[in-house]
Amino acid sequence: MGGKVSRYRRKQNIYTQGAPAYTLFYIQEGGVRLTTRTKHQPSAVTAILGVGDFFGEICLAGYPLRMSTAVALTASSIRTIQKNKMMQMLRKKNKTSNAMVAYLLSSVQKYKEHVAELMTSSAEERLARVLLRLARLDKKGPEAVEIPILSHQVLAEMVGTTRQRVNLFMNRFRKRRLINYNGRIEVYKSLKTVLPRL
């Protein structure tokens, strides 16, 4: 993919909403939080991203300005890729370009699912989904994964509820041994039991 790799400190801004958008980014180490604000609403967390994720990719669709603010969650190593370089790569129609297109389509699907969750799930279920998504737990992976430390306020913004309710749910999860947190957050696969079975 080329591009330059930069290091960011925890809580350091990577870009701000409204800034010119002519690059996209790939997370090699660490994590990133995306927030979006509107004229009549406070900033809302729209995504928490980790290793292997792209962000800022909406510039590929021709949007000239950033639609969110990106901040490093932890000390992070992030590759910056020029929009024109990525567009050249996508036109080659090889394995790399096919993988990137698949990633972009997957991102669109995730955003749709996120909107559907906000409209149909309880706050407790949405919180469980957020924690599981951050842990990236799958069937072949470990039984528990440590995730970046997030305040209950940030989790509340992601879930669309209050900090007090997040605190209630987190304590409930811990009592049921679905998570463990004491200065760090550890998510267990058993947290999936909170979610309704399809």
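## Exercises on two sheets and a helix pair

This model has an open sheet of 3 strands in the order S9-S11-S10, paired in the antiparallel sense. Keep in mind that the model is predicted. Let us work through it together.

### Exercise 1: the edges of the first sheet

Work out which strands stand at the edges of the sheet S9-S11-S10, and what that leaves on one side of each.

**Solution.**
- Step 1. Read the order from end to end: S9-S11-S10.
- Step 2. The edge strands are S9 (144-147) and S10 (179-181); each has a single partner strand, so one side of each has no neighbour in the sheet.
- Step 3. From one strand to the next, the twist averages 20°.

### Exercise 2: a pair of strands and the helix beside them

Find how S10 is joined to S11, then find which helix packs on this sheet.

**Solution.**
- Step 1. Strand S11 covers residues 185-188, and 3 bridges join S10 to S11, the two running antiparallel.
- Step 2. For one bridge, look at Asn180: its partner in S11 is Glu186.
- Step 3. The helix is H5 (residues 163-175), which packs on the sheet and touches S10 and S11. The direction of H5 makes about 115° with that of S10.

### Exercise 3: two helices that cross

Describe how H3 and H5 are placed, and say which residues make their contact.

**Solution.** Two packed helices are described by the angle and the distance between their axes.
- Step 1. Helix H3 spans residues 123-135, and its axis comes within 10 Å of that of H5, crossing at roughly 70°.
- Step 2. Angles of 65 to 115 degrees count as roughly perpendicular, and H3 and H5 are therefore roughly perpendicular to each other.
- Step 3. The crossing of H3 and H5 is right-handed.
- Step 4. H3 brings Ala123, Glu124, Leu127, Ala128 and Leu131 to the contact, while H5 brings Arg165, Val166, Phe169, Met170, Arg172 and Phe173.
- Step 5. Sorted by class, this contact holds 8 nonpolar, no polar and 3 charged residues.

### Exercise 4: the second sheet

Give the strand order of the open sheet of 4 strands, then name its edge strands and the helix that lies across S3, S6 and S8.

**Solution.**
- Step 1. The order is S1-S8-S3-S6, with antiparallel pairing.
- Step 2. S1 (4-8) and S6 (54-55) stand at the edges; each has a single partner strand, so one side of each is left without a neighbour in the sheet.
- Step 3. S3 (residues 23-29) pairs with S6 over 2 bridges in the antiparallel sense, and Phe25 has Phe55 as its bridge partner in S6.
- Step 4. Helix H1 (residues 83-91) lies across S3, S6 and S8 (76-82), and H1 runs at about 70° to S8.

Conventions:
Residues numbered from 1 in each chain as written. Predicted model: local features only at pLDDT ≥ 70, side-chain atom pairs only at ≥ 80, totals over all residues. Heavy atoms only, no water. Pairing = 2+ DSSP bridges. Axes fitted to C-alpha atoms, helices over the stretch in contact; angles between N-to-C directions. Contact = heavy atoms within 4.5 Å. Parallel < 35°, antiparallel > 145°, perpendicular 65-115°, else oblique. Left-handed = near helix turned anticlockwise from the far one by under 90°. Nonpolar A, V, L, I, M, F, W, Y, C, P; charged D, E, K, R; others polar.
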